[in-house]
Amino acid sequence: MLEQLTYAQIAERLSVSTEAARAIVKRHRLPRSRANDGKTLAAINLEEIRHKPLPASSPRGHRSVTDVIAALKARIQSLEAELAAEQQRSAGHRANFERERERADRMVSLQDRLIAELENLRLEAAQQSARPVTPRTLREMTWRERIRWLRTTGS
């Protein structure tokens, strides 16, 4: 028996929401029209429609909101514990880094001092090789200085 019903009336008879009733009318491509009060009427035969509403419980595989919230809170706690452990470990690394940086700074200053000394020695050697060698200065030289002087003069 074909009836002209609003979405609210269909929802009441099928024990579903008005949105579900609207979806049923659309899915079955039932003819619709407007009533004088502006509501939509659908021509429906409720005996032909075999609608079984879904059970009130959530579908299999879906968890309730409280379960999801509890799982998220547990995950947050574990992540916070991990973060605290990593921060503690990084504090030790920071101390090592500071110690190594101080050591590197000392090494750089030592290297700068050694380079300055080397430049001074090179300058002294250049000045010594520039003065003329006389028998007297040759006698005053050690054997090592004599060999060095012979190598630099090319004799």
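# A walk from Glu119 to the sheet

Start with Glu119, which is partly exposed at a relative accessible area of 42%. Keep in mind as you click around that this is a predicted model.

With Glu119 still selected, add Arg122. The two form a salt bridge, and the closest N and O atoms are 3.4 Å apart. Both residues belong to helix H3, where a spacing of three residues puts about one helical turn between them. Side chains of opposite charge can pair when their charged atoms come close.

Now go back along H3, which covers residues 65–130, and pick Glu98 together with Arg94. Here is another salt bridge, with 3.1 Å between the closest N and O atoms. What separates Glu98 and Arg94 in the helix? They are four residues apart, again about one helical turn. Colour them by accessibility and you get two partly exposed residues: Glu98 has a relative accessible area of 24%, and Arg94 has 48%. Before leaving, add Arg101 to the selection: Arg94, Glu98 and Arg101 are linked in a network of salt bridges.

Next stop, helix H2, residues 18–27. Show the side chains of Glu19 and Arg22, which lie three residues apart in H2, about one turn of the helix. Their salt bridge has its closest N and O atoms 2.7 Å apart. Is Glu19 buried or exposed? Glu19 is exposed, with a relative accessible area of 51%, while Arg22 is partly exposed at 34%. If you want to hunt down the rest, the model holds seven salt bridges.

For a contact of another kind, select Trp143 and Arg146. The charged end of Arg146 sits over the ring of Trp143, 4.6 Å from the ring's centre. Don't spend time looking for ring-on-ring pairs, though: the count of aromatic pairs is zero.

Switch to cartoon view for the strands. Three of them make an open sheet, ordered E1-E3-E2, with antiparallel pairing. At the edges you'll find strand E1 (3–6) and strand E2 (32–34), each pairing on one side only. On average, neighbouring strands of this sheet are turned by 35° against each other, ignoring direction. Strands of a sheet pair through backbone hydrogen bonds, either parallel or antiparallel.

Select E1 and strand E3 (residues 40–44) to look at one pairing up close: the two run antiparallel and are joined by four bridges. For a specific spot, click Thr6, whose bridge partner in E3 is Leu41. Then bring in helix H1, residues 7–14, which packs on the sheet and touches E1, E2 and E3. Turn the view until you can compare directions: H1 makes about 100° with E1.

Finally, zoom out to the whole chain. Its secondary structure comes to five helices and three strands, and from the N terminus the elements run β-α-α-β-β-α-α-α. Colour by burial and see how the chain divides: buried residues make up 14% of its 155 residues. To finish, turn on contacts. Of those with a separation of 6 or more, 48% are between residues 24 or more positions apart.

Key
Residues are numbered from 1 along each chain as its sequence is written. This is a predicted model: local features need pLDDT of at least 70, side-chain atom pairs count only at pLDDT 80 or more; totals for chains, interfaces and linings use all residues. Side-chain values use heavy atoms; hydrogens and water are left out. Rings of Phe, Tyr and Trp (its six-membered ring) pair if their centres lie within 6.5 Å; planes under 30 degrees apart count as stacked, over 60 as edge-to-face and the rest as tilted. A charge sits over a ring if NZ of Lys or CZ of Arg is within 6 Å of the ring centre and within 35 degrees of the ring normal. A salt bridge is a side-chain nitrogen of Lys or Arg within 4 Å of a carboxyl oxygen of Asp or Glu. Buried means under 20% relative accessible area, exposed over 50%, partly exposed in between (1.4 Å probe, protein chains only). Two strands pair if DSSP finds at least two bridges between them. Axes are lines fitted to C-alpha atoms, for helices over the stretch in contact, and angles run from 0 to 180 degrees between N-to-C directions. Contact means heavy atoms within 4.5 Å.
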